[in-house]
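This report looks at one buried position and at the packing of two helices. Please keep the sequence and the structure at hand while reading.

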Amino acid sequence: MKIREIRAMRGPNYWSVRREKLIVMVLDLQEMEERPTDKCPGFLDRLKAMFPSMYSHRCSEGCPGGFFMRVEEGTWMGHVIEHIALEIQTMAGMDTGFGRTRGYGEKGVYSVVFSYIEENAGRYAARVAVDICQALVDGKDYDLEPHLQEMRELREAERLGPSTGSIVEEAASRGIPWIRLNKYSLCQLGYGANQKRIQATVTSETSSIGVELACDKEDTKYLLEQAEIEVPRGDIISRERSLKETCEKIGYPLVIKPIDGNHGRGITVDIRSYEDAVTAFHAAKEVSSRVIIENYIQGADYRLLVINHTFVAAALRSPAHVIGDGKSTITELVALVNLDPRRGYGHEKELTAITINDLTKTIIADAGYSVDSVLAQGEKLILKDTANLSTGGTAEDVTDIVHPANVAMAERISKIIDLDICGIDIMTTDISKPLSETGGAVLEVNAGPGFRMHLAPTKGLPRNVAAPVVDKLFPQKGNKGRIPIVAITGTNGKTTTSRLIAHMAKMSGYRVGYTTSDGVYIQNRLLMKGDCTGPQSAEFVLKDPTVNFAVLECARGGILRAGLGFSKCDIAIVTNISADHLGLKGIHTIEQLARVKSVVPETVLPDGYAILNADDDLVYEMRKSVTCNVALFSMDEENPRIKALQRKGGITAIYENGFVTLCRGTWKMRIMKAETIPLTYGGRAKFMIQNILPAIIASNVRGISIEDMKAALETFLPSASQTPGRLNLFEFKKFRILLDYAHNPAGMRALQKFINEIEASVKVGVVAGIGDRREEDNNEIGSIAAEMFDEIIIRQDKHLRGRTEKELIAMLRNGILSKYPEKKITVIPSEKEAIHHAVEHAVEGSLIVLCSDVVPDALELVKSLKEKEQEEADIS
């Protein structure tokens, strides 16, 4: 078996709009295509022995053991690999269960699709699942545990921490979209100008002064002392020669800790002698140049959490420890504690397994033991120097018993330090009494406090502490941090429609970001060049904090490669569906292509609109799979589909009596006469009218006025600046050059209708075969070109896309000659040389049509030729 490729879906996709996180593995079974599971003796028994928990896999049988039934009956190895990949992820602490395996369109080749929790772990699971399946086929032993551990480590390296994850999940549950901005914990909630940011539990609204104060223990303590908050008596030193005098002044027992430390590093507690103080001083100096020496406050360790200056939760924290049984060694006691099913690797469960590292061994040694020592019955041994859950500590929720005086103190501290989210560490014997009565004290104020102890305490009630964070960031009821998103897909017309809608939105006062096959634009500035119709380009726009309106062109390539770059949009437009790029990525039929494109309208929010082409059967059929409002457009006002929606009071756009017209129900609002819209070239470019119709619907439902629409249509010119590569007509002294992106049979047919309307003495076409099209598609492009042009120059695309130059030229030539055997054909592979040849041999009144795939290069060349002609005219 051979893996051809592994892709990770990160958004709505061809396989599932709802399940965004899917691995898609293209697997060639090779000889195993002829050996399903029932043809492999002993396969089922070995599978059951290795994965007894797979009994819970219901598969299509719909009952426990269903998958094993399928294996016994006989199923292909791709299906088995799908289930193995899911099972090993679950075993590694990533419980997930969606999968499907489908034919790729080639004998023995399958798309194995399964869900993942963390992408790199999912990719790893795909590769390991194939190896495991092969071992089961061969009857070989397979050591699974190292691979499970590798997946756990991949998971921990990639996943969001518990605090960040809880805020993101809370936001998502409210319909607030989010984007991870780096490989750590920096995340964006909301889109564009309405976004907020979090990094763990620090937000974009957290005071930087507050964070600095919290990180400076000296300043924090000083401010709290000034505010009459109970804090330990102490001092700060940087030299050992000051240590003895300071210890004696404060009095034992002591705590020594670094002034700039975090996560408990360098802290030593309950110091009762000068010798121990020296050791502790040096440990603290390794972390910070300055060291705090203060009273060791007796009592228990409490964490009070304050969000938006309101107390929300409290926890009693205990460091990792073991209790002796009189017979087990410390190592064995730790192993017994780690058997608790609530403990796991990293943050996978509510508790973390206790590890015996060098620090733990030092603590054990300080207590007079080694890891092989046996503790007496009931004796408690602390194993870590802090109560952090990440080191194996435990937490008990005590929110309901915190004394009101302590609550008021905590809320006051949050304002004194000026932190919107802060954790206040308190040492006291009884949190249900005021600190003034117990002799307790505030030890520390933390910026970015961890939420794990409150979200999943070892004992007591879990608290949804993420909710008040989201409440603070998005205080207005119903605010989801979104900006309007218009997504455009289809085979032809996407880029022009996208640009036109962006232009209309700008005319209405929006700050627009939009993606096209030419690049990404933010407020009319080209910031990324090239084909930018995939998910990364969409995210680029949605991450930009200056944008408050997004227009996103969504092509098939990006959808198949990684899914959409957004989960939901407000408006989706499907221009048309025609044969294009068939035979790639497992998409072999036009119906499959339509399914790919239908992903976009299926993501529209319930109160949004899917704007569909009523003249296209495949597009019109998409209305059945959407859960939003449907609007239709048509070049025929008598289209019965249009009439039916109008009778229901729906929104439509039609081309009628020479007008581009918007209809609400049966009421008509004529926007403009088509021939007066520059984009239509006097009404001759009918396919441009088809692009205008969905644009006026989208603008109307977004509240853009008719006046702004008209102004936009009047100022949106078919030019190199506004519609590069889309009907760009250049007037030379003796001839004209028309540059267009037509690159498939449907696009060529649309261009043909326009060219037929243009008078010219000779029509010369410069065309190319496309490497990622089928042979019959390139043949058809050739035959259409034969109908369109008097002469044809065959050039070659800049990107061959898997075929040879010779093959592509032959495909086009065959198509041309099959239609007109006597057609004049010139082959000049270089686009630059082909254009120069056409210009040098142009006759009076001729029209040269350039069908280019790399629009910027062709545009630059044509503009330079135009400038050269102008310079020569000026000289003469």
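The model is predicted, and the account starts with T652, a residue of strand β30, which spans residues 651-656. T652 has a relative accessible area of 0% and is therefore buried, the cut-off for that term being under 20%. Its side chain nevertheless has a polar partner, since a polar contact of 3.1 Å links the side chains of T652 and Q646. Leaving aside residues up to four places away in sequence, T652 touches L632, I642, L645, Q646, T661, L662, C663 and I697.

The two helices are set side by side below.

| Helix | Residues | Buried residues | Arc of the buried residues |
|---|---|---|---|
| α24 | 706-715 | M709, A712 and L713 | 95 degrees |
| α28 | 831-840 | E831, A834, I835, A838 and V839 | within 130 degrees |

In helix α24, the buried residues are M709, A712 and L713; these cover an arc of only 95 degrees around the axis, and so they lie on the same side of α24. The elements against which the buried residues of α24 pack are α17 (494-507), β32 (667-673) and α23 (686-701).

In helix α28, E831, A834, I835, A838 and V839 are buried, and because they fall within an arc of 130 degrees when seen down the axis of α28, they line one face of the helix. On the other side of α28, K832, E833 and E840 are exposed. The cover over the buried residues of α28 includes the strands β34 (735-740), β35 (763-769), β36 (791-796) and β38 (846-851), together with helix α29 (855-875).

Conventions
Residues are numbered from 1 along each chain as its sequence is written. This is a predicted model: local features need pLDDT of at least 70, side-chain atom pairs count only at pLDDT 80 or more; totals for chains, interfaces and linings use all residues. Side-chain values use heavy atoms; hydrogens and water are left out. Helices (H or I, at least four residues) and strands (E, at least two) are DSSP runs, numbered from the N terminus. Buried means under 20% relative accessible area, exposed over 50%, partly exposed in between (1.4 Å probe, protein chains only). A polar contact is a pair of N or O atoms within 3.5 Å; within protein, one must be able to donate a hydrogen and the other to accept it, and residues adjacent in sequence count only if both atoms are side-chain atoms. Contact means heavy atoms within 4.5 Å. The arc is that of the directions from the helix axis to the C-beta atoms.
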